[in-house]
Amino acid sequence: MTSGDFVTGTGDGTRAVRAGLPEPVKYESTLPGPVFAAHFHLPGEPTGPYTYGRDENPTWTLLERAIGELEAPGQDGVETLAFPSGMAAISAVLFSQLRAGDIVVLPDDGYQVLPLVREQLTAYGIEVRTAPTGGDAQLEVLDGAKLLWIETPSNPGLDVCDVRRLVAAAHAQGTLVAVDNTLATPLGQRPLELGADFSVASGTKMLTGHGDILLGYVTALDAALMAPVRRWRKIVGAIPGPMEAWLAHRSLATLQLRADRQTANALTIAETLRERPEVTGLRYPGLTDDPSYKIASQQMRRFGCVVSFTLPTRARAERFLDALRLVDDATSFGGVRSTAERRGRWGGDAVPEGFIRFSAGAEDPEDLVADVLRALAESAE
């Protein structure tokens, strides 16, 4: 029985711990260690899978197979390419699919590096249109676009759009659709099953979950669409290190355990914050009264680990963060250790000065709640 045969038809936990494993061979490791190689033995014609370290690596192969099994379980022809960061993966799709004169639609409330991407696309003669994620507003500027880029839930505002609806409208006019699946992970949302052409994500966040790897990936079901993405990776040399790829694959085994715990913790924190009078603008797609809940519950299986909210002032937010003892003041999210930050300190997001992005880790929920409540009390003016 091959690894793929075993994984087919199983639940998230079984799939996560088995994904991408090679066929068992007596006396060999169940997950072979990282292959450090710039080149490979290559006598005669170069017809084998591994020729040069910039093109392919056995460690990438196993990781890419594993991610493909999570993003599109049971699908034939799924193809995944690993990259050294989420932005490398995002750039690979955008710059491999678009040409001068094309139109691309981006969210105006997405990841804060997207404005820099917009500048570069514009410099290359590509027309960039933007609209908010919420309310499916990108539909209003979709006409004639070559590519629609969706980020749902959006980072950091946590708005959600109807992926099926946007995909249907885009495909009706020949527009490709890419979905940034970073916040949801494949255990929370499967964009390809919702009709998207590309699922793109930063593996730096919850996918690997330990805050010690930079990684990105692109997954699709159409080999013709992936060919230029692969070519882009080769041209720019945007390849992951074998050690990072191996660590990422190892970390996938606990994805379901981490995702369940962190999602439950996020909901608990959100429910706690909902009762606090100093908290405004609370967002979490898993709250039944959240504006995104109805759509999110139709296309997401887990609502993620990120909660956003606003405290009255910048000073109050900074005192709150300083008072936390179990939560690191850090800019990433999705790790087993809870993090939070005043997002406005970077200047790239249209958020209030007291806006907090909180990423729930895997700590005991009672301890997290106690820490948050104590920090709120200590930070009061």
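Buried means under 20% relative accessible area, exposed means over 50%, and partly exposed is anything in between. Keep that in mind for these close-ups, which all come from a predicted model.

**View 1. Tyr293 and Phe303 make a tilted ring pair.** Tyr293 has a relative accessible area of 27%, so this residue is partly exposed. Phe303 comes in at 16% and so counts as buried. Their ring centres are 6.0 Å apart with the planes at 35 degrees, so we call the pair tilted. Tyr293 belongs to helix H10 (residues 293-299), while Phe303 is in the loop between H10 and strand E9 (306-310), so the pair ties together parts that are ten residues apart in sequence.

**View 2. Phe95 and Tyr124 meet edge-to-face.** How many aromatic pairs does a search of the whole structure find? It turns up five, and here's one of them: the rings of Phe95 and Tyr124, with centres 5.8 Å apart and planes at 80 degrees, so the pair is edge-to-face. Phe95 sits in helix H4 (residues 86-97) and Tyr124 in the loop between helix H5 (114-123) and strand E3 (127-131), so the two ends of this pair are 29 residues apart in sequence. Is Phe95 buried or exposed? With a relative accessible area of 14%, Phe95 is buried, whereas Tyr124, at 48%, is partly exposed. Add Trp232 to these two and you've got one aromatic cluster.

**View 3. Lys205 puts its charged end over a ring.** Look for the charged end of Lys205 over the ring of Phe333, 5.4 Å from the ring's centre. Lys205 is in the loop between strand E6 (198-202) and strand E7 (216-220). This lysine is buried, with a relative accessible area of 14%. Leaving out residues up to four places away in sequence, Lys205 touches Thr182, Ser332, Phe333 and Gly334. An unreviewed UniProt entry annotates Lys205 as "modified residue: N6-(pyridoxal phosphate)lysine". Another charge over a ring involves Arg233, whose charged end sits over the ring of Phe83, 6.0 Å from its centre.

**View 4. The largest nonpolar core has 31 residues.** Nonpolar side chains tend to be buried together in soluble globular proteins. Which residues have the most contacts inside this core? They are Leu273, Val307, Phe309, Phe320 and Phe358. Two or more residues each come from H9, E9, helix H11 (314-323), strand E12 (355-359) and helix H12 (365-378). H12 gives the largest share, five residues. Zoom in on Leu273: beyond its neighbours within four places in sequence, Leu273 is in contact with Val279, Leu282, Val307, Phe309, Val372 and Leu376. Apart from this core lies another one, of 29 residues, including Ala89, Phe95, Leu147 and Ala238.

**View 5. Helix H8 has several buried residues.** H8 covers residues 242-252, and its buried residues are Pro242, Ala245, Leu247, Ala248, His249, Ser251 and Leu252. What do they pack against? Their partners are helix H2 (12-18), helix H3 (58-71) and helix H9 (255-273). One residue of H2 to pick out is Arg15, which is buried at 7% relative accessible area.

**View 6. Two cysteines, Cys161 and Cys305, stay unpaired.** How many disulfides does the structure hold? Zero. Cys161 is in no disulfide, and the nearest cysteine sulfur, on Cys305, is 19 Å away. Cys305 is likewise in no disulfide, with the sulfur of Cys161 as its nearest, 19 Å away. A disulfide takes a pair of cysteine sulfur atoms within 2.5 Å, so a gap like that doesn't count. Cys161 is buried, with a relative accessible area of 0%, and Cys305 is buried too, at 1%.

**View 7. Cis bonds and positive phi values show up in the loops.** A cis peptide bond joins Thr152 and Pro153, with omega about -5 degrees. Pro153 is in the loop between strand E4 (147-151) and helix H6 (163-172). The bond from Asn155 to Pro156 is cis as well, with omega near 15 degrees, and Pro156 is also in the loop between E4 and H6. Now for phi: Tyr27 has a value near 75 degrees, which is positive in a residue other than glycine. Tyr27 lies in the loop between H2 and H3 and counts as exposed at 78% relative accessibility. Asp136 has phi near 55 degrees, again positive and again not a glycine. Asp136 lies in the loop between E3 and E4 and, at 6% relative accessibility, counts as buried.

Technical notes
Residues are numbered from 1 along each chain as its sequence is written. This is a predicted model: local features need pLDDT of at least 70, side-chain atom pairs count only at pLDDT 80 or more; totals for chains, interfaces and linings use all residues. Side-chain values use heavy atoms; hydrogens and water are left out. Buried means under 20% relative accessible area, exposed over 50%, partly exposed in between (1.4 Å probe, protein chains only). Helices (H or I, at least four residues) and strands (E, at least two) are DSSP runs, numbered from the N terminus. Contact means heavy atoms within 4.5 Å. Rings of Phe, Tyr and Trp (its six-membered ring) pair if their centres lie within 6.5 Å; planes under 30 degrees apart count as stacked, over 60 as edge-to-face and the rest as tilted. A charge sits over a ring if NZ of Lys or CZ of Arg is within 6 Å of the ring centre and within 35 degrees of the ring normal. A nonpolar core is a set of buried Ala, Val, Leu, Ile, Met, Phe, Trp, Tyr and Cys residues joined through side-chain atoms within 4.5 Å. UniProt positions are given in the numbering used here, feature names are shortened, and annotations may be inferred rather than shown by experiment.
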